[in-house]
Amino acid sequence: MYEYYFVVYITIFLVSKIAHAKKHLPMQLTDLVNVRGKLVWVRANMDIPVTHGRVASYDRLRLERNADTVQWLIRHGARVVLLGHRGRPRGRRNANLSLQPLVPVIKRIFPGTSIGWHGNVWYRHGHITTAAETFLDSILPGEVGVLENIRFIPEEKENDREFARSVAQHGDIYVQDAFSVCHRVSASTVGIPRYTQAVMGKGLARELVQLEKYLACPRHPYVAMVGGAKISTKLGLLQHILTQADQVLLGGALANTILQAQGVAIGRSLAEPKVLRTVKKLKLTNKKLHVPLDVVVAEKNSTYHHSRICAVGNVRKRERILDIGPETVALYSTILDNAKTIVWNGPMGFFEDARFAKGTRAIGRAVSTVHATTIIGGGETIAAVGAQRRLQDMTVVSVGGGALLAWLEGKQLPGIRALMKK
Ligand code: ADP
Ligand code: MG
């Protein structure tokens, strides 16, 4: 008898949970009934490095994440307009940050589709320009239009209401398909969806499903590795991840500030003294937390001549820490070898210079060869691992850096919350 009550109770509990979850899930692209002839804004991942006018093959990955969404819309006869940004142009036109070099890449991803390009700043004096309106009108069902960098328009970052409303009214539907910007509050993430039907794209949905799948209840030992430059943006994550992971491995410039907080002399290394006080609040003696044992240093001058490896306590006044040393690589590799789940964001050193890329490369090799679920994310982290041609060895490659960190912190991302309303 008791078993019977138990089964009934569990069933009611599960059904209510599922109903609850459904209610709080944004509408998906495939829930849309009829998109034929409709103008659909797609927020895409376009923040891609361009060198000498070219995009590296592993960097195309970000745009390819939007392929399913765009293809679905083309197939169903929508008039697609891609919205995206590159870099930080601070609300002004900047030829180096144009989206134009991406147009040939987009053409290659969608062969046989007509791709139009509008290279002017398309919102001025509180209005979408007439030229842009003509361009939008010219997009036929099944065709794609690309508008110039949305961050050339100051109203984007200001999350200007009129701008968002105007964009929304020029179209019929908004699709968020760029996980990498969902942690930001701007017109193209939270403004536009307020004024029109808004749904989640296939690329974004897949990324969220994957993160949930592997990280909602990670297999242990769970190792988090955090490097890169800006500790101030990663502090919240560090605090949170210490409660979740079994081991936390630090590297890159981020580790410098931690070392400094521990009273270690770091010479002229890149650090953020402003956050020292907050850093000290982290339990720095926590046994889970690992900082480099040895480092690669060089005197700070324009060429970084005469690099050397030294123990972390022996950095001289004029030197700069630029990579983790071989002993640290060995220790971290052993820890990674025993892990069942690994999350990695942020290179271990100034890897753009080959002399200081050894640590990051060795870690990239270790992460890609272990028998564990491996999740990496972040622009530079992807670039470093991509250059080694090891991206395909990772379980999940997240296009989000900041967004991945915010997600890991357990925060609901504003760009996703914006899709939930109505
Ligand atoms: P991601 O884009 O993967 O999230 P970040 O943007 O946080 O990573 O940081 C990447 C940058 O950090 C790289 O450009 C790298 O050169 C820099 N960096 C890492 N370690 C150091 C260091 N020790 N000194 C100077 N710069 C560093
Ligand atoms: Mg970065």
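Student: Why is Trp122 called buried?

Tutor: This is a predicted model, so every value here is computed from it. Trp122 has a relative accessible area of 1%. Buried means under 20%. Trp122 therefore counts as buried.

Student: What makes the pair of Trp122 and Phe163 tilted?

Tutor: The ring centres are 5.8 Å apart, and the limit for a pair is within 6.5 Å. The planes stand at 45°. Stacked needs under 30 degrees and edge-to-face over 60. The angle of 45° fits neither, so the pair is tilted.

Student: How do you know that this pair links distant parts of the chain?

Tutor: Trp122 sits in the loop between strand S3 (115-118) and strand S4 (123-124). Phe163 belongs to helix H7 (residues 161-170). The two are 41 residues apart. Phe163 is buried, at 0% relative accessibility. Together with Tyr123, Trp122 and Phe163 form one aromatic cluster. The structure holds five aromatic pairs.

Student: What makes Arg65 and Glu207 a salt bridge?

Tutor: Their closest N and O atoms are 3.4 Å apart. The cut-off is within 4 Å. The pair therefore qualifies. Glu207 is buried, at 4% relative accessibility.

Student: Which parts does the bridge of Arg65 and Glu207 tie together?

Tutor: Arg65 lies in the loop between helix H2 (61-64) and H3, and Glu207 in helix H9 (residues 202-215). The bridge therefore ties together parts that are 142 residues apart in sequence. In H3 (residues 67-75), the buried residues include Trp72, Leu73 and Ile74. Gly77 follows H3 and has a positive phi, near 75°.

Student: Why is Asp353 called buried, and why is Arg355 called partly exposed?

Tutor: Asp353 has 17% relative accessibility. That is under 20%, so Asp353 counts as buried. Arg355 has 36%. Partly exposed lies between 20% and 50%, so Arg355 gets that label. The side chains of these two meet in a salt bridge, at 2.8 Å from N to O.

Student: How do you know that Arg316 and Glu319 form a salt bridge?

Tutor: The closest N and O atoms are 3.7 Å apart. The limit is within 4 Å, so the pair counts. Glu319 is buried, with a relative accessible area of 3%. Arg308, Arg316 and Glu319 are linked in a network of salt bridges. By this rule the structure has nine salt bridges.

Student: What makes S13 and S14 edge strands?

Tutor: The open sheet has three strands in the order S13-S12-S14, paired antiparallel. Strand S13 (308-311) and strand S14 (319-324) each have a single partner strand, so one side of each is left without a neighbour in the sheet. Neighbouring strands are turned by 45° against each other on average, direction ignored.

Student: How do you know that S12 and S13 pair?

Tutor: Four bridges join strand S12 (residues 294-299) to S13. Pairing needs at least two, so the strands pair. Val295 stands opposite Cys310 in S13. H13 lies across S12, S13 and S14, at about 35° to S14.

Student: Why is Lys340 called partly exposed?

Tutor: Lys340 has a relative accessible area of 35%. That falls between 20% and 50%, so Lys340 is partly exposed. Lys340 sits in the loop between helix H13 (326-337) and strand S15 (341-345).

Student: Which residues does Lys340 touch, leaving out those up to four places away in sequence?

Tutor: Lys340 touches Arg219, His220, Pro221, Ala372 and Thr373. Lys340 and Arg219 are 121 residues apart in sequence, but 5.6 Å apart in space, C-alpha to C-alpha.

Terms used:
Residues numbered from 1 in each chain as written. Chains lettered and ligands numbered in written order. Predicted model: local features only at pLDDT ≥ 70, side-chain atom pairs only at ≥ 80, totals over all residues. Heavy atoms only, no water. Buried < 20%, exposed > 50% of the residue type's maximum accessible area, 1.4 Å probe, protein only. Contact = heavy atoms within 4.5 Å. Axes fitted to C-alpha atoms, helices over the stretch in contact; angles between N-to-C directions. Phe/Tyr/Trp six-rings, centres within 6.5 Å; stacked < 30°, edge-to-face > 60°.
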